[in-house]
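Please study the sequence and the structure shown below before attempting the exercises.

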Amino acid sequence: MALVLQLLPLLLSRVQGDPEGPLKGSPGDRVNLSCKDVLEPARWAWAPSFPACKGLSKGRRKIVWLSSSGTPVVLELFSGRLRSLDTSIKELELLLSAGDSGTFFCKGQQENESRTVLQVLGDKADCRAPASTHGSEYPKVLIPLLGIGLVLGLGASGLVWWRRRACTMLIWTTPSSGGTAGCPQWFLVMPPLSMRLW
């Protein structure tokens with residue numbers, strides 16, 4: 001019983017994560033990720049907070065692991081941004097990018113793990129940076145307005161064409177030179193007799 005009470009804080013820390021709080025940074029910053037209480041780290045996994053911002057599905061994905069030759073292998077998503085600081089993968093350095101927010105898991109050979117919560121400042125579920133939030137509203141308003149204007153313009157053009165055609169037909173079939181209801185006077189020009197015979 002005494003042994004269980006002594007191990008309880010360690011077990012709770014593994015379930016709840018880092019009690020010091022999340023690791024924070026901005027895109028372009030470099031942060032260090034380290035395994036805590038994992039003697040022989042074998043791989044790192046990442047569960048993104050906003051997977052849609054990276055075009056991913058929810059859940060963990062392996063991002064770094066040791067190859068059969070013992071050299072670290074980095075997932076393409078983090079290639080060029082993530083490197084090991086020692087001969088193993090116990091200490092990593094990550095160059096932050098937008099959308100990196102999430103939980104990083106270091107797993108050992110014995111399946112024990114530690115976790116580090118990372119919060120990249122500016123990351124949001126809608127994948128928009130705060131600076132571009134206001135400006136991005138204009139296309140949402142402008143595109144429907146242009147569509148409505150195009151429909152109205154085509155409708156007005158069609159109505160004018162239809163009225164001119166109707167009035168032209170009345171001119172050819174009505175010998176009278178007087179005005180016809182709904183047709184402007186300048187349309188009612190009698191064609192020559194030779195044209196009306198055709």
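The exercises that follow concern salt bridges and the strands that carry them.

The model is predicted: local features need pLDDT of at least 70, side-chain atom pairs count only at pLDDT 80 or more, and totals for chains, interfaces and linings use all residues. Residues are numbered from 1 along each chain as its sequence is written, and side-chain values use heavy atoms, with hydrogens and water left out.

**Exercise 1.** Determine how many salt bridges there are, and explain what the pair R30 and E93 ties together.

Step 1. Side chains of opposite charge can pair when their charged atoms come close. A salt bridge is defined here as a side-chain nitrogen of Lys or Arg within 4 Å of a carboxyl oxygen of Asp or Glu. By this rule, the count is 9 salt bridges.

Step 2. R30 and E93 form a salt bridge through their side chains, at 3.4 Å from N to O. R30 belongs to strand β2 (residues 30-34) and E93 to strand β7 (residues 91-95), so this pair ties together parts that are 63 residues apart in sequence. Strands (E, at least two residues) are DSSP runs, numbered from the N terminus, as are helices (H or I, at least four residues).

Step 3. Buried means under 20% relative accessible area, exposed over 50%, and partly exposed in between (1.4 Å probe, protein chains only). R30 is exposed at 53% relative accessibility, whereas E93 is buried at 14%.

**Exercise 2.** Identify the salt-bridge partners of K107 and state whether each is buried, partly exposed or exposed.

Step 1. K107 is itself buried, with 15% relative accessibility.

Step 2. One partner is E111, whose closest approach to K107 is 3.8 Å between N and O atoms. E111 is partly exposed, at 46% relative accessible area.

Step 3. Another partner is E113, with the closest N and O atoms 3.0 Å apart. E113 is buried, at 15% relative accessible area. Through shared partners, salt bridges join R43, R60, K107, E111, E113 and R115 into one network.

**Exercise 3.** Describe how strand β8 is covered and which strands pair with β8.

Step 1. Strand β8 (residues 102-108) is mostly covered, as 7 of its 7 residues are buried.

Step 2. Two strands pair if DSSP finds at least two bridges between them. Strand β3 (residues 41-48) pairs with β8 in the antiparallel sense over 7 bridges, and A47 stands opposite T103 in β8.

Step 3. Strand β9 (residues 113-120) also pairs with β8 in the antiparallel sense, over 6 bridges. Here K107 stands opposite E113 in β9.

Step 4. β8 and β9 form a hairpin with 4 residues between them, and E111 in the turn has a positive phi of about 70°.
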